[in-house]
Amino acid sequence: MMRSRISVCSRCLARSRPFSTTATQFEQSQNASPVPSTGYARLTNRGLISITGADSATFLQGLITQNMLVTNDPSKSIRRTGSYTAFLNSQGRILNDAFVYPVPNAEGSDLEREWLVEVDKNEVPSLLKHLKKHKLRAKLKLRALEDGERTVWSSWKNHAEPRWAAYNLESETASPFSQSSDVIGCIDTRAPGFGSRIVTPGPEELRTYLPDETQISGNEVELNAYTIRRMLHGVPEGQTEIIREAALPMESNMDMARAIDFRKGCYVGQELTIRTHHTGVVRKRILPVQLYTGDAPTSDTPIYDPSAELAFPPAGSNINKAGGRRGRSAGKFLNGVGNIGLALCRLEMMTDIALTGEGTQFTPGSEFKVSWVPETEQPAEVKLQAFVPAWTRQFIMGSIRKPTPPVDTISERARQFVEELEEEEASQRRE
């Protein structure tokens, strides 16, 4: 009997290659399934909203963090590619994380332009209400798609996808599929090599529409396998993990996932997002975590073990440093499967990342725990360890601003500048 093990290839990470998973055979349990290196999953937890009409693109431009126009295009043409994005409230907090897909229009008429918005299925009614509130006199129609009308899929093929897929941002085609095809989709940019998002008409199996192995690979797996893979990548999804009206875009890694265009015009919630980007420090990030009760994990990446039997903390539970007196919360547990999960972590407390010149509060060997009291049981406790994926670390370190020069250095430069001006003016008077 082989032990369950899914991990990140450390050699690939060291060479800064795309994310890869190494899946070996392992014992299966009733509530878990392996994550193959190639495959696709039917995302029954996601719903779709159709926005149709001449003003649909302009309407979305004022509501989402992504740019609906082609970047650096003087003619400001409307993008023909799908993308990851978010809807915010006026305080800059996330209402919904979403994917937006353009539906190919055979006639090319702007009057019939259609976009599909993919969100958490439980959030379709609330997002539809939000859209209707901002519709006003815009020339468009809104409706939630019925179950089975279209199906959302995630498809992946490890080792064969680019580190960061740029084609889906400015490509001339809406998806990697034919313009005459009813299948639409885009690259999922939330993590390097994470895969593709695909939307098909009807409830049929994906192979019905894409039988070619060059377009999709592997076999269909359960939704739970996709969830495990997503958490190993540190990718949050839906409002059970990206808490509605509480989560901030950059704390939810949306800047890293290329869901925000910081150069576009006004949209709901823009002010706080832009101010944080230019002046603030993002001290908390959603990271993958591994839960345990015995010895701390010794690997550099989270390892999923379907045979692990752990008490599971409620979503939103505070994370505290184990041992000693209870201090400041180090983060919040969000969601998990088996012995892995996602948590909103204070980087300078739970990781070795130093965001400022003040250093980090993290000490190697430190352990963190979540304690809670179930309704009908004794107090429970589980430990957890946070991991920083290689691309997350690279992004964070690249975004840390260099410290400003000391005041005396600035004063010296100003004095030199004034002297140069005085010399120039004196030279002009002599002439």
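Select M254 in this predicted model. Leaving aside residues up to four places away in sequence, M254 touches Y84, T85, A86, I94, D97, I242, P249, A259 and I260. Display these side chains together with M254, and the surroundings of this methionine can be traced one residue at a time.

Next, widen the selection to the largest nonpolar core, which has 45 residues. Which of its members touch the most other members? They are Y84, Y101, L116, V199, I228 and M254, so two residues from the opening stop, Y84 and M254, return here.

Now colour the elements that supply this core. At least two residues come from each of β5, β6 (94–103), β9 (150–157), β10 (184–187), α5, β15 (331–337) and β16 (340–346). Within this group, select α5, which gives the largest share of the core, five residues.

From α5 (223–232), follow the chain into the loop that leads to α6 (270–279), and stop at N253 in that loop. The phi of N253 is near 65°, a positive value in a residue other than glycine. Is N253 buried or exposed? Its relative accessible area is 5%, and because buried means under 20%, N253 counts as buried.

For the last stop, select K76, in the loop between α2 (56–61) and β5 (83–88). K76 also is not a glycine, yet it has a positive phi of about 55°. The relative accessibility of K76 is 60%, and because exposed means over 50%, K76 counts as exposed. Show N253 and K76 together to end the tour: N253 is buried, whereas K76 is exposed.

Technical notes
Residues are numbered from 1 along each chain as its sequence is written. This is a predicted model: local features need pLDDT of at least 70, side-chain atom pairs count only at pLDDT 80 or more; totals for chains, interfaces and linings use all residues. Side-chain values use heavy atoms; hydrogens and water are left out. Helices (H or I, at least four residues) and strands (E, at least two) are DSSP runs, numbered from the N terminus. Buried means under 20% relative accessible area, exposed over 50%, partly exposed in between (1.4 Å probe, protein chains only). A nonpolar core is a set of buried Ala, Val, Leu, Ile, Met, Phe, Trp, Tyr and Cys residues joined through side-chain atoms within 4.5 Å. Contact means heavy atoms within 4.5 Å.
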